[in-house]
Amino acid sequence: MEWQGFIVGLQNIIATIEYILLDRLSLMGEDYIMKYDYLIVGSGLFGAVFAHEMSQRGKKCLVLERRQAVGGNIRCEEREGINVHVYGAHIFHTNNQMVWTYLNRFVQFNQYINSPMANFRGELYNLPFNMNTFRAMWGVRTPAEAKMKISAQRTEIAGEPLNLEEQAISLVGRDIYEKLIQGYTEKQWGRKCKDLPAFIIKRLPVRYTYDNNYFNARYQGIPIGGYNKIIEKLLEGIQVQLGVDYNTVRSEYDCMAEKVMYTGSLDEYFGYRLGRLAYRGLRFEMERLEQENYQGVAVMNYTAPEVPYTRIIEHKHFEFGTQPVTYITREYPQEWQPGQEAYYPVNDQRNQDLYNRYAGLAGWEEKLLLGGRLALYRYLDMDKVVELALAAVERELGS
Ligand SMILES: Cc1cc2nc3c(=O)[nH]c(=O)nc-3n(C[C@H](O)[C@H](O)[C@H](O)COP(=O)(O)OP(=O)(O)OC[C@H]3O[C@@H](n4cnc5c(N)ncnc54)[C@H](O)[C@@H]3O)c2cc1C
């Protein structure tokens, strides 16, 4: 009997130890699995600002990026001392003082002012449409002369404009339309202006001053040392995994974090189950030239229809480069195909409705937060992206 009592006692002790060990292990397991407060999908400007602010507030963040480098579309590649804007020319401009002050904590901006030129069959014009443009086009010298020219040409369209061509002529007259708007717009949209709806161009800013400052924003410039500096500073000390497509490894990663801030495409998140959202595509052709200065300006638009590209970017001029060589990029608009880089959302009725249905589905996902240009399916300038990311942090922590 004594032996039996001893064995039962031993069994109890073993069971208790087992229980304690299992409990500890499961706690360790949970600790191992739930490691982060926020899983941030995408290391573009939105993801980087969100991750930075959250980790500043003591939240543990993990950033996943499917490309091999951070920065999203503002990423630059350094070539012989020149920062090449590989996903299209990026010029920072804002009227938002809070955003400007915020970014200046991470980087200083140079004094670059965007003053693009337009090339129509070798004729050069300043943009946006201003007294310099009108002087080159008609030889006029005063605002009154320019206004008279434009007013006379606008009367060509009497009634309600029926298409984009009529709309543009009714706003700025035929000369400016034919030389500076028609070819460029048709290349951008891949359709004739006569076949495009009038509402695409709501207004065309015309300046009766000699002012080539395109954005005319209160604050403008290019980060000294390039855009990568902003992202590197924002992500300093934050864990980032490159080359990981969240949508293919979601189950592994979701359990590691309390919440997921997703900045990729929403239709992709849901496996395209309701259909695909459409985008306008772009193709970039970069060339290295053995010369110091190719076009004398960072942005030259090509407005004639027979030139297949819409503009040439000469990257060194964004940072006043003096290198003996130069890098230029020709920008070709193209039909977007699934699998290609998604540049501009097509916010027509069909796509907007589809997006709203996806957003409805997203509302059911407990952990999911959406941010950035892809997940919100909106064209967003960089300043707006920073503003929205900061607001998302406040919303999260305020709730
Ligand atoms: C041609 C062009 C020119 C522009 N010029 C200007 C300009 O002059 N001035 C201006 O203010 N703005 C400009 N913009 C807008 C600017 O690019 C955006 O405001 C900004 O890049 C948006 O940042 P984001 O983080 O929202 O998106 P993105 O930069 O697109 O970042 C999203 C990131 O998420 C990653 N990702 C997506 N899906 C997944 C996934 N499933 N798993 C892991 N990672 C994923 C992507 O690889 C990407 O790195 C321009 C845009 C374009 C297209």
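Let me start with the contacts in this chain: of those with a separation of 6 or more, 72% are between residues 24 or more positions apart. Please keep in mind that this is a predicted model.

Next, the chain as a whole. The chain holds 13 helices and 16 strands. Its radius of gyration is 27 Å, and the globule rule for 399 residues gives 21 Å, so the chain is more spread out than a compact globule. The extents along the principal axes go with that topic: the C-alpha trace spans about 120 × 50 × 35 Å.

Now burial and surface. Of the 399 residues in the chain, 49% are buried. The area that the chain exposes is about 20,700 Å², and 52% of that comes from carbon and sulfur atoms.

On to the ligand. Which residues come nearest to the ligand? Out of the 33 residues around the ligand, they are Glu65, His90, Arg373, Leu380 and Met382. By type, the shell around the ligand is made up of 17 nonpolar residues, nine polar ones and seven charged ones.

Three backbone contacts are on my list. For Leu380, a polar backbone atom is 2.5 Å from an oxygen atom of the ligand. For Ala89, a polar backbone atom is 3.1 Å from a nitrogen atom of the ligand. For Tyr246, a backbone N or O atom also lies 3.1 Å from a nitrogen atom of the ligand.

How much of the ligand's accessible area does the protein cover? On its own the ligand has 1,000 Å² of accessible area, and the protein covers 97% of that. Several elements give two or more residues to the shell around the ligand: helix 2 (45-56), strand 2 (61-65), helix 12 (372-375) and helix 13 (382-398).

Last, one residue by itself, Thr310. Where is Thr310 found? It is in a loop, the one between strand 12 (299-302) and strand 13 (311-314). Is Thr310 buried or exposed? Thr310 has a relative accessible area of 3%, and buried means under 20%, so Thr310 is buried.

What does Thr310 touch? Leaving aside residues up to four places away in sequence, Thr310 touches Tyr184, Lys187, Gln188, Met300, Asn301, Tyr302, Glu331 and Pro333.

To go back over two points: the protein covers 97% of the ligand's accessible area, and the chain is more spread out than a compact globule. That is the end of my part.

Note on methods. Residues are numbered from 1 along each chain as its sequence is written. This is a predicted model: local features need pLDDT of at least 70, side-chain atom pairs count only at pLDDT 80 or more; totals for chains, interfaces and linings use all residues. Side-chain values use heavy atoms; hydrogens and water are left out. A residue is near a molecule or strand if one of its heavy atoms lies within 4 Å of it. A polar contact is a pair of N or O atoms within 3.5 Å; within protein, one must be able to donate a hydrogen and the other to accept it, and residues adjacent in sequence count only if both atoms are side-chain atoms. Accessible areas come from the Shrake-Rupley method with a 1.4 Å probe; for residues, only the protein chains shown count as cover. Helices (H or I, at least four residues) and strands (E, at least two) are DSSP runs, numbered from the N terminus. Ala, Val, Leu, Ile, Met, Phe, Trp, Tyr, Cys and Pro count as nonpolar, Asp, Glu, Lys and Arg as charged, and the others, Gly among them, as polar. The radius of gyration is taken over C-alpha atoms; the globule rule is 2.2 Å times the number of residues to the power 0.38. Buried means under 20% relative accessible area, exposed over 50%, partly exposed in between (1.4 Å probe, protein chains only). Contact means heavy atoms within 4.5 Å.
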